Amino acid sequence: MFPILRLGPFAIQTAGLILILGVWVGLWLAEREAARLKFHNEFVYNLAFTGLVAGLIGARLWYVLQHLQVYVLDPLAIFSPTPATLARTEGVAIGLMAAALYGVRHKLPLRLTLDALAPAMVVTMIASALANLASGDAFGAPAQLPWSLYLWGEYRHPSQVYEMIAALGVLRGWAWWRRQERWRPAPGISFLWVAASLAAARVFLEAFRSDSVIVGEGWRAAQVGSLFLLTTSLALSKFWSRSPTSSDI
Amino acid sequence: MNDSQRGWFFIIVIVLAAAFWTWLSRVPDSTLSGSRLANPREDFPAPDFTLDHLDGGSTQLSDLRGNVVIVNLWASWCAPCRAEMPAFQKLYNANRERGLEVLAVNSTFQDSETDARNFAGQLGLTYPILLDREGVVSRQYRLQALPSTFIIDRSGIIRTVIIGGPASEATLQTQIEALLNESP
């Protein structure tokens, strides 16, 4: 674990640095994929960048709105670089909405755009697993196995490594699949299969984690959400493979 | 069975298998968090310690159970530590009666008691200044950077970790507000 990277007087959070690198590599791959799919690749980069910036600003503003009476007395604190003061779920929702708005405004073809973003999604997952390994987050359940990781006072499942291996597998599968000349999937299918694969991996691997958010009668929230995503992606892939829209082809 | 039917069959099998695994993996929340060992990270019990005060006496962290406790690791030569100390003082003054305790743990093993005393005097700090002479608490809390701040709830669980600083009063107030409203 290397949660902090010291550069002279500065202490940089390694996890944040890895995530930034992951997003950068992901966007680079998305641009290349957009070029391969023969549509304006700069729009894909701008769409993802718009979503990221809007998500970050939205997460902070939402948090500020939740604690308005405190920030009114100290408005400059809005710019405090503390990840603890981000409303994360709302930030993700705002980022997705901003990206969708950008796409609609520039009339980007939905399915091709999603296909171009598929590798960025996988690379971000790999970076996220690496970041969690560096920070010790997303830790596994206690387990005495030859490959267990000693973390937070106990031997545990190396859940971060599991997630990285799964995401690397999905990336490998995506890279192999897009090289196949014989079988060209309809637009959007590539994205849906990547999303379904990542969701299936999360459903399986979440069981080995020890920090799951629990809802209802012991259900792991990430598993339930991923199950929904898996079902939706697979069902949608059946419909989209039958009915490609003319604007997307 | 044609291609389309085979596709739907494949989807249904995968979704059912995933749903079964999700059902099989259910676990009571208390099983996940109830047996955790003390560690300096969010959602874990805070490592306990006993340290001497700058002005005599000592404090054991676990004796403060029932209060919201801010443990701030600092040193007199650390500029961000100096910048955020007034915020802790204001927070302490405003919320002490609601059950807030602030423990400023001086990294004395890499500082000096004289400098710590001058520092506290200059800033007029009234909350307890504790002396980590041997670096025990710094090791327990895996100190990586100064300042480091740990916000602990009334049941002794770390709820927020802020590495680096200076943390603003508003940031700290928003982090402790919900914890102060929880029942002891």
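Mentor: pLDDT is the predictor's confidence in each residue, from 0 to 100. This is a predicted model.

Trainee: In chain A, where is confidence lowest and where is it highest?

Mentor: Chain A averages a pLDDT of 89, and 96% of the residues score at least 70. Where pLDDT is low, the predicted coordinates should not be read in detail. Confidence in chain A is lowest in strand β1 (residues 4-7), at a mean of 73, and highest, at 96, in α7(A).

Trainee: How many helices and strands are there in chain A?

Mentor: Along the sequence, the pattern of chain A is β-β-α-α-α-α-α-β-β-α-α-β-β-α. The count for chain A is eight helices and six strands.

Trainee: Why is chain A as compact as a globular protein of that length?

Mentor: The C-alpha atoms of chain A fill a box of roughly 55 × 50 × 45 Å along the principal axes. For 249 residues the globule rule gives 18 Å, and chain A comes close to this, so it is as compact as a globular protein of that length; its radius of gyration is 20 Å.

Trainee: Among contacts in chain A between residues at least 6 apart in sequence, what percentage join residues at least 24 apart?

Mentor: A contact here requires C-beta atoms within 7 Å. Of the contacts in chain A between residues at least 6 apart in sequence, the share joining residues at least 24 apart is 71%.

Trainee: Which helix supplies the largest share of the largest nonpolar core?

Mentor: The largest nonpolar core has 50 residues, and those touching the most other members include Leu117(A), Val122(A) and Val170(A). Helices of chain A that each supply at least two residues of this core include α1 (14-36), α5 (110-135) and α7 (189-205). The largest share of this core is 17 residues, and it comes from α5(A).

Trainee: Which residues does Val170(A) touch, not counting residues up to four places away in sequence?

Mentor: Val170(A) is one of the residues that touch the most other members of the largest nonpolar core. With residues up to four places away in sequence left out, Val170(A) touches Val122(A), Val194(A), Ser197(A), Leu198(A) and Ala201(A).

Trainee: Is Val92(A) buried, exposed or partly exposed?

Mentor: Val92(A) is found in helix α4 (residues 88-105) of chain A. A residue is buried with 20 or more other C-beta atoms within 10 Å of its own, and exposed with 12 or fewer. Val92(A) has 14 such atoms, so Val92(A) is partly exposed.

Note on methods: Residues are numbered from 1 along each chain as its sequence is written. Chains are lettered from A and ligands numbered from 1 in the order in which they are written. This is a predicted model: local features need pLDDT of at least 70, side-chain atom pairs count only at pLDDT 80 or more; totals for chains, interfaces and linings use all residues. A nonpolar core is a set of buried Ala, Val, Leu, Ile, Met, Phe, Trp, Tyr and Cys residues joined through C-beta atoms within 7 Å. Helices (H or I, at least four residues) and strands (E, at least two) are DSSP runs, numbered from the N terminus. Two residues are in contact if their C-beta atoms, placed from the backbone, lie within 7 Å. The radius of gyration is taken over C-alpha atoms; the globule rule is 2.2 Å times the number of residues to the power 0.38.
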